[in-house]
Amino acid sequence: MDTSDVWRLVDEARRELGETAEAGEVAERMAALLARRDPAEIVAFAQPLWDVLTESYRADLWAAAYLINAGASDDGFDYFRGWLVAQGRTVYEQALADPDSLAGNPVVRRAAADDEELECGEILGVAWDAHLAATGRELPPGAFTIRHPALDAAWDFDFDDGSEMRRRLPRLTELYDGPKG
């Protein structure tokens, strides 16, 4: 298994649920689809899923999550990245290329208007939930490792610094904070 298997499963879940599916529904459907597979495949899925999640462990995305969710603790950032994965590969890759591009995403725009957070902690447990459903047992220890990369030191600033956030993420800052002097 590799990361393309993750994206195929996200696509399959989204296709079955429809484009308006909530991230938690996508995670639940992914786990159900994965649970139909051989237990060894389920275990093998865990690492590529965490590889995708780890690829998005970046300071610029953390800043975007901070704006979108009015704060982002360590866990909150994990859950935001889970939400990002549940949106599918295109949205994910656009966000990695330019976190400020999220300001144009219809889901993000609705969340801003409705003052809703964008999180999906359930994505983190897709392999775990699938393995439990398929075997009645927890995912074996060591099924995956998480090695977060060092965060970009250029983004090591206080995310509450409005002028710095406006400079770095102007569209998201405008969407979430409106015009400020």
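A residue is taken as buried when its relative accessible area is under 20%, and by this criterion Ser-56, with a relative accessible area of 0%, is buried in the predicted model. Ser-56 is found in the loop between α3 and α4, and, when its neighbours within four places in sequence are left aside, the residues in contact with Ser-56 are Leu-61, Phe-77, Arg-81, Tyr-92 and Leu-96.

Two of these contact partners of Ser-56, Phe-77 and Arg-81, also take part in ring interactions. The structure holds 9 aromatic pairs, one of which is formed by Tyr-57 and Phe-77, with a separation of 5.8 Å centre to centre and an angle of 50° between the planes, an arrangement classed as tilted. Because Tyr-57 lies in the loop between α3 (39-55) and α4 (59-68) whereas Phe-77 belongs to helix α5 (residues 74-86), the pair ties together parts that are 20 residues apart in sequence. Tyr-57 and Phe-77 are both buried, and Arg-81 lies over the face of Phe-77, at 4.9 Å from the ring centre.

A further aromatic group is found in the model, where ring pairs link Tyr-66, Trp-155, Phe-157 and Phe-159 into a cluster. One member of this cluster, Trp-155, also has a charged group over its ring, since the charged end of Arg-168 sits 4.7 Å from the centre of that ring.

Helix α4, which follows the loop that holds Ser-56, is mostly covered, with 9 of its 10 residues buried. The buried residues are Ala-59, Asp-60, Leu-61, Trp-62, Ala-63, Ala-64, Ala-65, Leu-67 and Ile-68, and they pack against α5, α6 (89-97), α7 (106-114), α9 (162-168) and α10 (170-177). Just after α4, Ala-70 takes a positive phi of about 55°.

On the other side of the loop in sequence, α3 packs with helix α1 (residues 3-17) at an angle of about 85°, the axes being 8 Å apart. Angles of 65 to 115 degrees count as roughly perpendicular, and α1 and α3 are therefore roughly perpendicular to each other. The contact brings Thr-3, Asp-5, Val-6, Trp-7 and Leu-9 of α1 together with Phe-45, Pro-48, Leu-49, Asp-51 and Val-52 of α3, and the residues of this contact divide into 7 nonpolar, 1 polar and 2 charged.

Note on methods. Residues are numbered from 1 along each chain as its sequence is written. This is a predicted model: local features need pLDDT of at least 70, side-chain atom pairs count only at pLDDT 80 or more; totals for chains, interfaces and linings use all residues. Side-chain values use heavy atoms; hydrogens and water are left out. Rings of Phe, Tyr and Trp (its six-membered ring) pair if their centres lie within 6.5 Å; planes under 30 degrees apart count as stacked, over 60 as edge-to-face and the rest as tilted. Helices (H or I, at least four residues) and strands (E, at least two) are DSSP runs, numbered from the N terminus. Buried means under 20% relative accessible area, exposed over 50%, partly exposed in between (1.4 Å probe, protein chains only). A charge sits over a ring if NZ of Lys or CZ of Arg is within 6 Å of the ring centre and within 35 degrees of the ring normal. Axes are lines fitted to C-alpha atoms, for helices over the stretch in contact, and angles run from 0 to 180 degrees between N-to-C directions. Angles under 35 degrees count as roughly parallel, over 145 as roughly antiparallel, 65 to 115 as roughly perpendicular and the rest as oblique. Contact means heavy atoms within 4.5 Å. Ala, Val, Leu, Ile, Met, Phe, Trp, Tyr, Cys and Pro count as nonpolar, Asp, Glu, Lys and Arg as charged, and the others, Gly among them, as polar.
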